[in-house]
Each structure stands twice: as C-alpha cells, then as structure tokens.
Amino acid sequence: MDTPYTISQPMSDRGEAAGENGSRLIKDKLANASMLLLTICSGLVVFSIAILLYQRSRPILAMNGLFDVLFSTSWHPLRGEFGFFPFIMGTFWVTGVAVAIAVPLCILSSIYLSEYAPKAVREWTKPLIDLLAGIPSVVFGLWGILVIVPLVKNYIAPGFDTFSTGYSVLTAGVVLAIMIFPVIIHVSVEVLRTIPREMREASLTLGATRWQTIKHVVLRKALPGVIAAIVLGLSRALGETMAVLMVAGNVASVPSSILGPAYPLPALIANSYGEMMSVPLYDSALLLASLILLLIVLFFNILSRIILMRIERSIQ
Amino acid sequence: MNRRNLEEKIVKSLMIASTLIILLSLVLILATVIIKGLPTMNLAMLTQIPKGGYYLGEGGGILNAIVGSLYIGVGSVLLAISISLPVVLYLNIYAKKNSHLAAFTRFSFDVLWGVPSIVYGAFGFSIMLFLGLRASLLGGILAVSLLILPIMSRTMDEVVKMVPAELLEVSYSLGATRLEAALKVVVRQTLPGLLTAVLIAFGRGIGDAASVMFTAGFTDYIPNSLLRPAATLPLAIFFQLGTPIPEVQGRAYASAFILTVLILIISIATRMLTRRFTKHNVN
C-alpha cells in the first residue's frame, strides 16, 4: 500500500530534481560513501590484527615449527629455544582459579540482584559494580601486592604447611576474579531479566518457593546466557596483563601448585619487550605469543557472543 | 514444607553474602589505595617532573606521567571519535535495519572489545616497526585509540539506537538529507549520551598500561612533539613499584591514588551525564 517514495524519506531517496539541492545531495552521497568505507575498514580490524601478527611470527614458525613452540617447555631465547608450554599452562591455571572463585559469587549475586533485591539496592549496586569495572588493572595489581600477596605468604601457605612467596597462581586468581566480577554480573543480570515474568508466576502459583522457582524454571531457561556470561569473563581473564604480571611470580615453568608461581602469556609478552630487539627471533616469538593469546581469547569471546546473539534473537 | 523454607533462607543469605563480598572487594581496593596513597601524596607529585635521582628517592613528581596520560587520552579519544561517530551514524541512519553489514560490524566491534590490550600493544608495535617509528606519543595514541574504538562505538551505538524513528521521518519530511538529519538532529539530540561514551572510553584509555608499554615508551620529560616518547600514569605506578626503595614505592602508592581519583571523577561525571540523558527519555 506504500507508494515507492513517501515524503518521510530522505531527499536523496526521493529522486527529486537536483537543482539548488544538488550540492546538498552530493554532500549526502559523499558522506554515505566515506562512512561506508570507514564502517567496512573498522569491521576488518580484527582480521588485520590477526594477519599482521601471523606475518610477523612466520620466522619463528619456520625455524621451530608450531608443535615445538606450543608444547616444548624449554624457554631459552638466547639458544633460540622458544617453548610456550609453561606460559600457556600458566595462563590456564590462573584463569581457572579466577573463574572458580568468581563463578559462584557472581551467579549468586546476579540472582539476588535480579530476583530478590529491592529496587533501591539494585540502583545502588549498579554504579558500584560499574566503578569496579573502571578501576585500572595496574591498581588491581598494586592492591594484590599490598593485600593478597602478604595474605597468601603469611596465612594461607603456612596453613597448608608449605612455603610461598605470596606471588602465586592463587594470588593472581583472586585479583583476576575481582576484575571479572563486573563482566559476569552485568551479562548474567541482563540475561536473567529476559526470562518472562509469566514463567515465574506460573511456578509460584503452583506453590513453589522463590528459590525452587529460580532453580527449576529461571536458571534452567537462563543457563545458556549464564554460561555465555561466564565464558565472557573467562576470555577477559585470559588476556588480562598488568595485574597478573605484578602478582603471578613470573617463573618460566609449568605451575606445580596453586601456591606456586606462574608466568602467563600476557605477562611474558609485557615483560620481555625490553630485551626482544637484541636477541634474534625473540620479537617474532613474542608476536607469535600475542597471536596465540589473541586466538585463544577470540575463540571464547566469539563463542559467548554467538550464544548471546541467539538469545537476543529468540526474544525478538 | 519446613525444609523448603529453610533452603530458601540459606540460599538467600548466601546470595546476600556473595553480593556483599563483591561490593566489599571494591571498598577494600579503594580503601587500600587511599590509606597507602594519601600519606605519601604531596604537591610536588602533581607539579614537578622527576628530578635527577628521583628513582633513588630524590625529589620531584610525576607531572610527566600525568601530562603524558592526558595527552594520550585526549589524542586517542579524538581519533576514536572521528572513526566511531561516522560508523555509528552510518549503522543507524544510512544502513538498512538488520542489514548484514550492520550485523557484521556490530559483531566485529563486540569481538574487538574482547581483544586483550597487550595484543593491541604488540600490534601497534609491529606496525610501528613497519613504519620505522620509535616508541612515541603518536604510537601510544594509535594503540590506545584502537583499544577504545570498540568501547566508544558500541556505547554510542546503543545511544543512537534509542532515537525514535519518527524523529528521522520528521526531519526527512522537512526536506533534510540523511546527512543533515544525522548531524543536526540525531547528534544534537543524543549529545549527552555520546559524551558518556566518550568519557567511558577516555577513562579506559588513561587507565590502560599494557597497550602503551611498547608503543609510547617512558620518559622523565613532558613530550614536546608527537614523535617523542611519553610517560603514562599506569606505567609510572608499575615502574616505581618495581624499585626496592621504600620512598619510591610510596610514590607509586601516591601515583595510584592520583590515577584512581581521576578515574573516580570520570566515573561520577559519566553517572551525571547518564542521568541527564535518561531524564528526557520517555521509555
């Protein structure tokens, strides 16, 4: 029933004669073209990062081979041995501890904030959690050194009858856990909010308590979204650099316990930039480390985005 | 019946406890920074650059890092605005609703948001090697603008998305082109929201250390050209903390205090802008 051109369409679509509007229409067309170009370029940034890093890491791959680089534990840049295995394991250990600490706290707290908390509490908590997200990672690292390192060294390690310098997997995990609280809570609360009120009411009418309703109805429905939130937090923890660099201990071997030191990939990259130009292949190896980190993070990130996009589409 | 209610009570108190632990961690971090940083704070920290022997405990301040961070923050924000604003306007005004390009761009910004800042640093560094640039203010600005581009774009996108379609239709029926509607109506209408996005990106930009480590370098002087290295607050904290001398470590605490106060100011400004922006919103 619509005519092809209605008055509420922009001039450029109405096919009116150019005349005095010519320059305005040309401006509009130019803007269209340049904005389109910018949009396409910025959409391709991820790919260009990956391609460039791959280009720069080819020398090391040609010398040592991918398998050796990924699974060798020998890290001796001066002898040309670049085994990333200790660092990859360090990354996973630290992230694993962080997720293990963050997940129960964040999920309980998200449920509280979306299902139980009075409006006033919710309105007070949100800006505080946003603030936590805004604190720079170097400040988290400083706090880790001042508070968590002594705690681990003086109380936790002696409690298990072992010695720890305090710079350990556990310390880095605790600091990282706090850093990913905001990500997980933010996404989980959003997801829980999408569960229709009728579903809760149906369950409550049948005599279920609130917690039973949450356990059997809300959480079951929200599970994919909550998993996406966790994975998003996990991918944030994997790439976090400064705070981890400051508290993880940075010893280049596979972590032996959670009270021992770790040397995650991002910390390795940040720590070695000073010396990398003086040792052959070192820069190539570090850019390969960045590429490996990028690919690991992208995998988890894209996974969670796809889950969240599906959820969004299913609501509409 | 009793067991169910007991379970309800236990779980609910666990939930409240978790929420309290999370909020407590924020309080603990802020308190540590204030308690440690405030006593070592003095005016010279804010107004002087490091003097000779500063890292051995001699006098001076971190004006070099404060100014360097502000330069990098402002430079990268300007660069990021000049990319994200056109992109966001394109996505919401020029591109068709639910077009593949719009979906792809939004997705790729979401993915870009997750890229670790150290990877931006490494990427920026290898581009600089390619161009023959040394660690410089320019390099830092480029790396940080890449880091904040997705944050700014997606936040602006959420804001511009809220503009009612009627507003555009009214401008079109008055004879406006899309460009005119975008710049004169949409941008003006969403200005507080757009500023919020800029502030969030700015806060993220000045707080990040890993991306500027390779690209901006570090120096005791205030950079006087784009090609000179620039100090940044997060790196100043990191380096001062790394020395064994207690006075210098104390200054690291004071520097962390300065950075945290800056971030707090930005975050409060953001809240105030958001409130103003949502005031006019009908829904």
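These are my notebook entries on what I looked up in this predicted model.

**Entry 1: chain B overall**
I began with the fold of chain B. Its secondary structure comes to 12 helices and zero strands, so I had no sheets to trace, by the DSSP runs used here. I then took the extent of the chain: along the principal axes, the C-alpha atoms of chain B fill a box of roughly 70 × 70 × 35 Å. Burial came next, and 50% of the 283 residues of chain B count as buried. I also looked at how contacts in chain B spread along the sequence. Among those between residues at least 6 apart, 74% join residues at least 24 apart.

**Entry 2: α7 against α8 in chain B**
Here I picked helix α7 (residues 165-173) and helix α8 (residues 178-189) of chain B, which pack at an angle of about 145° with their axes 10 Å apart. The crossing of α7(B) past α8(B) is right-handed. Which residues meet here? From α7(B) I noted B:L167, B:L168, B:S171 and B:Y172, and across from them B:A181, B:V185 and B:Q189 of α8(B). Sorted by class, this contact has five nonpolar, two polar and no charged residues.

**Entry 3: α3 against α8 in chain B**
I stayed with α8(B) and turned to helix α3 (residues 63-94) of chain B; the two pack at an angle of about 115°, with axes 11 Å apart. Their crossing is right-handed. On the α3(B) side I found B:L89, B:I93 and B:Y94, while α8(B) brings B:R178, B:A181, B:A182 and B:V186. The classes are six nonpolar, no polar and one charged. I flagged B:A181 for a second look, as it appears in the contact with α7(B) and again in the one with α3(B).

**Entry 4: where chain B touches chain A**
How many residues of each chain take part? I read 73 residues of chain B in contact with 73 residues of chain A. On the chain B side, helix α1 (residues 2-40) gives the most, with 21 residues. That side of chain B divides into 46 nonpolar, 17 polar and 10 charged residues.

**Entry 5: a check on α5 of chain A**
Last, I tested the length of helix α5 (residues 85-116) of chain A. At 1.5 Å a residue, its 32 residues should span 46 Å, and the end C-alpha atoms are 45 Å apart, which agrees. I also looked along α5(A) for a bend, and there is a kink of about 30° at A:A102. The proline A:P104 follows shortly after that kink.

Note on methods: Residues numbered from 1 in each chain as written. Chains lettered and ligands numbered in written order. Predicted model: local features only at pLDDT ≥ 70, side-chain atom pairs only at ≥ 80, totals over all residues. Helix = DSSP H or I, 4+ residues; strand = E, 2+ residues; numbered from the N terminus. Expected span 1.5 Å × (residues − 1). Bend = angle between axes of the 7 residues up to and from the residue. Contact = placed C-beta atoms within 7 Å. Nonpolar A, V, L, I, M, F, W, Y, C, P; charged D, E, K, R; others polar. Axes fitted to C-alpha atoms, helices over the stretch in contact; angles between N-to-C directions. Left-handed = near helix turned anticlockwise from the far one by under 90°. Buried ≥ 20, exposed ≤ 12 C-beta atoms within 10 Å, placed from the backbone.
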